[in-house]
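Trainee: Could you take me slowly through one part of this model, the sheet and what packs on it, and explain each term as you use it?

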Amino acid sequence: MANIMVCVTKQRTCQILIEYGQKIMAEGDNLHVIHVAGANFNFLGDSEETKALDYLYESAREAGADLTVFKSDDVFGAMCDLVSQNQISKLVVGSPHEADVKSGFLARLESKLNGRAKLIIVPSEDN
């Protein structure tokens with residue numbers, strides 16, 4: 001049995017990531033969908049943000065996953081904490097944007113994971 005974690009943003013294209021996580025599941029595996037928002041981010045007062053979270057919740061539910069929205073300014077730390085807490089063996093993320101490539105986001109994430117979970121990068125539809 002494996003625990004798979006799919007990291008999403010509030011964009012509708014994250015449905016692709018959830019579907020990919022569901023596709024790589026084997027019988028008995030658990031699927032977790034997470035979104036890390038900034039600690040000061042207030043999405044409850046914004047109807048568009050609420051709609052986006054509702055969409056993520058429904059997408060996760062339809063895939064048989066739970067959705068966790070975590071507030072933290074330390075995205076890497078929050079993701080690694082959730083990997084440890086949920087004994088995640090596979091971490092699914094989307095292909096980075098150009099700015100993330102330049103900042104080394106995935107390399108930093110992989111370094112922080114320190115081999116605790118396999119990092120799986122799902123290419124965007126543009127690639």
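Mentor: What follows looks at the sheet, then at a helix on it, and then at two cysteines.

This is a predicted model, in which local features need pLDDT of at least 70 and side-chain atom pairs count only at pLDDT 80 or more, while totals for chains, interfaces and linings use all residues. Residues are numbered from 1 along each chain as its sequence is written, and side-chain values use heavy atoms, with hydrogens and water left out.

Five strands form an open sheet with parallel pairing, in the order β3-β2-β1-β4-β5. Here helices (H or I, at least four residues) and strands (E, at least two) are DSSP runs numbered from the N terminus, and two strands pair if DSSP finds at least two bridges between them. At the edges are β3 (66-71) and β5 (118-122), each of which pairs on one side only. From one strand to the next the twist averages 25°; for such angles, axes are lines fitted to C-alpha atoms, for helices over the stretch in contact, and the angles run from 0 to 180 degrees between N-to-C directions.

Within this sheet, strand β2 (residues 30-37) runs parallel to β3 and is joined to it by six bridges; V33, for instance, has L67 as its bridge partner in β3. Helix α3 (residues 75-85) packs on the sheet, where it touches β1 (3-7), β2, β3 and β4 (90-94), contact being defined as heavy atoms within 4.5 Å. The direction of α3 makes about 160° with that of β2.

Now to the cysteines. A disulfide is a covalent bond between the sulfur atoms of two cysteines, and the cut-off used here is a pair of cysteine sulfur atoms within 2.5 Å. The structure holds zero disulfides. Why is C7 not bonded to C80? The sulfur of C80 is the closest cysteine sulfur to that of C7, but it is 9.5 Å away, which is too far for a bond. C80 is likewise in no disulfide, with the sulfur of C7 as its nearest cysteine sulfur.

Are these cysteines buried or exposed? Buried means under 20% relative accessible area, exposed means over 50%, and partly exposed lies in between, with a 1.4 Å probe and protein chains only. C7 has a relative accessible area of 12% and is therefore buried, and C80, at 5% relative accessibility, counts as buried too.
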